[in-house]
Amino acid sequence: MRYSGIIVSALLAGVLVSCGGNAGKEKTIGDEAAEKMEFEGYSYDVIAQLPDSDSIPDAEGWKYCRVTGEGMMPVMIGGKDIAALRDTLERLGSVTFASEKECGPRLGDGMSPTALSPDSVSACSETNNQLSIVMMTPRVVVWQEFMSAYRCRAAHGVYKTSFLNYDPVAGKVIGLADLMEPGYEKTLTEMIRQKLTADGVDLLEPVDEVGIPSQFRITSRGLRFLYGIYEIAPYAAGEIAVDFDSYELQEILRPASLKFWNLGD
């Protein structure tokens, strides 16, 4: 089964010019950071069949799940080889490209594709993936993947947010260890626990058992750490975000990391 997607190219960053602030000292952006970045949009909307073991025969549309998604993928980032980045983003966004103009979902949980039109059948279950760019500067691009799903007659749906931080100058995905000084873990863990306590988060476990979450993103001000539903708090609390301004983290940030907030040399 080949899935038709909508591919739209958009040039989002072009030539940058330097702006002076202090007399006698002009701060410029290097040529590498000024390289062009180009992205393409995609979307899909298909009907998949659920495995019989998950079906509820007396519910309308019990056999089917409507699978939708859309997002933004990189086409060009300067002269960098972005094949590995695209592969990572495709896995993150649960999308696959059959060709330059055709895309579709990566089906899981035993689901199988159908040729049914989404307008021709009622689907009791649904899944959606949104892969969006939530921050873009000459120094960093941040993707956010939001997945939501509902299984037929479930008490409620589930959802998950994931991030990918990318350095377009170095041409690499940014891990937390790339931003932090060696041995940062103990200090950062304590700082997160203090924020959770100050915010009065209703935790499922003692605060001194909470660790650093796997999901984080660079923001315009600093860093955001994100715990998924049920990870440290009840479902009703939703995803738990812990935010830091960059100055709060300067004790454990590598000096080179300050460039992501246009700080330092």
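Reader: What makes β11 and β12 a pair, and in which sense do they pair?
Author: Two strands are said to pair if DSSP finds at least two bridges between them. β11 and β12 have four bridges, in the antiparallel sense, so they meet that criterion. Please keep in mind that this is a predicted model: local features need pLDDT of at least 70, side-chain atom pairs count only at pLDDT 80 or more, and totals for chains, interfaces and linings use all residues. Residues are numbered from 1 along each chain as its sequence is written, and side-chain values use heavy atoms, with hydrogens and water left out.

Reader: What counts as a strand or a helix here, and how many of each does the protein have?
Author: Both are DSSP runs numbered from the N terminus: helices are H or I runs of at least four residues, and strands are E runs of at least two. By that rule the protein has three helices and 13 strands.

Reader: In what order do the strands of the open sheet lie, and which are called edge strands?
Author: The order is β11-β12-β13, with antiparallel pairing. β11 and β13 are the edge strands, as each pairs on one side only. From one strand to the next, the twist averages 20 degrees. For a single bridge to look at, Arg 217 has Arg 224 of β12 as its partner.

Reader: How does α3 lie on β12 and β13, and how is the angle to β13 defined?
Author: α3 lies across both strands and runs at about 115 degrees to β13. Axes are lines fitted to C-alpha atoms, for helices over the stretch in contact, and angles run from 0 to 180 degrees between N-to-C directions.

Reader: What makes a set of residues a nonpolar core, and which residues touch the most other members of the largest one?
Author: A core is a set of buried Ala, Val, Leu, Ile, Met, Phe, Trp, Tyr and Cys residues joined through side-chain atoms within 4.5 Å. The largest has 29 residues, and Leu 179, Met 180, Leu 188, Ile 218, Leu 223 and Phe 225 touch the most other members. Elements giving two or more residues to this core are α2 (176-179), α3 (185-199), β11 (215-218), β12 (222-227) and β13 (240-245). α3 gives the most, with four residues. Apart from this core lies another, of 23 residues, among them Leu 50, Val 67, Ile 82 and Leu 85.

Reader: Which residues does Leu 188 touch, and what counts as a contact?
Author: A contact means heavy atoms within 4.5 Å. Leaving out residues up to four places away in sequence, Leu 188 touches Leu 176, Met 180, Ile 212, Phe 225, Phe 244, Leu 249 and Ile 252.

Reader: Why is Ser 94 called buried, exposed or partly exposed?
Author: Buried means under 20% relative accessible area, exposed over 50%, and partly exposed in between (1.4 Å probe, protein chains only). Ser 94 has 22%, so it is partly exposed. Ser 94 sits in the loop between α1 and β4, and its phi is positive, near 55 degrees, in a residue other than glycine.

Reader: And why is Arg 153 placed in its class?
Author: Its relative accessible area is 52%, which is over the upper limit, so Arg 153 is exposed. Arg 153 is found in the loop between β8 and β9 (158-167), and it has a positive phi of about 65 degrees although it is not a glycine. Across the 265 residues of the protein, 41% count as buried.

Reader: How do you know that the buried residues Leu 85, Arg 86, Leu 89 and Glu 90 share a side of α1?
Author: These four residues of α1 (residues 83-92) cover an arc of only 135 degrees around the axis, which puts them on the same side. The arc is that of the directions from the helix axis to the C-beta atoms. Ala 83 and Ala 84, on the other side, are exposed.

Reader: In which sense does β7 pair with β3, and in which with β8?
Author: β3 (residues 64-77) and β7 (residues 125-136) are parallel over seven bridges, with Gly 71 partnered by Leu 131. β7 and β8 (residues 141-150) run antiparallel, joined by ten bridges. A hairpin of four residues links β7 to β8, and Met 136 has Val 141 as its bridge partner.
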